[in-house]
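User: I've got a model open and want to check the reasoning behind some of its labels. Can we go through them one at a time?

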Amino acid sequence: MKYIIILINLLLFSCSEPTARILVQNTGETQGTFYHIKYISEGGKDYKQQVDSLLLEIDSSLSTYKTYSLISRINKGEKIRIDKMFSDVFYAAEKVYLESEGFFDCSIAPLSNYWGFGFEDNLQEIDSNEVKRRLSLVDFSRIKIIKDSILLPQHMQLDFNSIAQGYSVDVVASFLERKGIENYLVEIGGELKAKGVNAENKIWLIGIDKPNSNMHENQRYQIILPLENLSLATSGNYRKYKELDGIKYSHTLSTHTGYFARNRMLSVTVIHPSCMLADAYATAFMAMGIKKAKDFVDLNPELKVYIVYSDTKGNWKTFTSENLDI
């Protein structure tokens, strides 16, 4: 009789309906911006609380806007141990710094702060001597990690804002995958990672904004790209800028001159398996300018790139890497 009861229970279990797969959407604030996450989970299990905890942990390591973070304390000259998050981002930043020949440089904090894109915002007039002094403090090659400590020369500072959001996307995506989520879209501050399909069982489609902050909502997209098991990051000069004496300056700074990058780049979109690297490369290309960016892409076929730039007459032009299907 005991064996018959067990058999009946097994049959009942095998005939039960599978758990429903439900689309869950999480939104919130992090790193001075917003995040939007969509994922399909069994029974509609919601991971927002765990995601928020992860993002707070990242902030406590990498956010220059948090006075208690590791990077803020290091920038103040404290000698403290770094964590894995900090070292992961540091070595990725070093990789792109070397590959881009310094156009991407996370030691740019003294300059970004001076121009009002950091925690200083009191610039009234441009002091060329001060720009020159701060430029002398920008050189990522002088910064080293020794064991679990970082060697930061006096007066130098780090700024991971051009790579931290992409890293955060990767961290959240990895968390969802560990929970068995096979279909998701993670977006933080415009940097994204997608896997699988959406609720309509179709590949995720991502709209890339036109490089114009005054564009009507119905005309906002320059292009719509499918994103399948990859990451996407976009950097542009049309939203974040500084205005001095009626002149708008883009937030892309040149690590070679100390001033705003003077080129015809309007926006760069990079697709790569790593959102952290896509984020960094997009920033590097904005600083490089169109010719150097094209040359770099030709030598690095693992990158899929879409660039909007202006010609000498101010007309919009586009460049699409050969491996990007539109």
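User: What makes Ile 224 part of strand S8?

Analyst: This is a predicted model, and a strand here is a DSSP run of E with at least two residues. S8 is the run covering residues 221–227, and Ile 224 lies in it.

User: Which residues make a nonpolar surface patch with Ile 224, and why is it called a patch?

Analyst: Leu 205 and Tyr 221 join Ile 224 there, giving about 320 Å². Patch members need over 30% relative accessible area and no salt bridge, and nonpolar side chains are joined within 5 Å. Leu, Ile and Tyr are on the nonpolar list, so the three residues of this patch qualify as a nonpolar one.

User: What is the strand order in the open sheet of 8 strands?

Analyst: The order reads S1-S2-S5-S6-S9-S12-S13-S14, and the pairing is antiparallel.

User: Why are S1 and S14 called edge strands?

Analyst: Strand S1 (21–30) and strand S14 (316–320) each pair on one side only. Neighbouring strands of the sheet are turned by 10 degrees against each other on average, direction ignored.

User: How do you know that S12 and S13 pair?

Analyst: Two strands need at least two bridges between them. S12 (residues 265–272) and S13 (residues 304–310) have 6 bridges, so they count as paired, in the antiparallel sense. Within that pairing, Ile 271 stands opposite Lys 304 in S13.

User: And what makes S1 and S2 a pair?

Analyst: Same test: the cut-off is at least two bridges, and 10 bridges join S1 to S2, so these antiparallel strands pass. Gly 28 has Tyr 35 in S2 as its bridge partner. Their hairpin has 2 residues between the strands, and Gln 31 takes a positive phi near 50 degrees in that hairpin.

User: Which helix lies across S12, S13 and S14, and how is it oriented to S13?

Analyst: That's helix H9 (residues 290–299), running at about 165 degrees to S13. Angles go from 0 to 180 degrees between N-to-C directions, so H9 runs roughly opposite to S13.

User: What share of the protein chain counts as buried, and what earns a residue that label?

Analyst: Of the 326 residues, 50% are buried; the label takes under 20% relative accessible area. The chain exposes about 17,600 Å², with carbon and sulfur atoms supplying 50% of that.

User: How many helices and strands are there in the protein chain?

Analyst: The secondary structure comes to 9 helices and 14 strands.

Conventions. Residues numbered from 1 in each chain as written. Predicted model: local features only at pLDDT ≥ 70, side-chain atom pairs only at ≥ 80, totals over all residues. Heavy atoms only, no water. Patch = residues over 30% accessible without salt bridge, like charges linked within 9 Å, V, L, I, M, F, W, Y side chains within 5 Å. Areas by Shrake-Rupley, 256 points an atom, 1.4 Å probe, with all protein chains shown as cover. Salt bridge = Lys/Arg side-chain N within 4 Å of Asp/Glu carboxyl O. Helix = DSSP H or I, 4+ residues; strand = E, 2+ residues; numbered from the N terminus. Contact = heavy atoms within 4.5 Å. Buried < 20%, exposed > 50% of the residue type's maximum accessible area, 1.4 Å probe, protein only.
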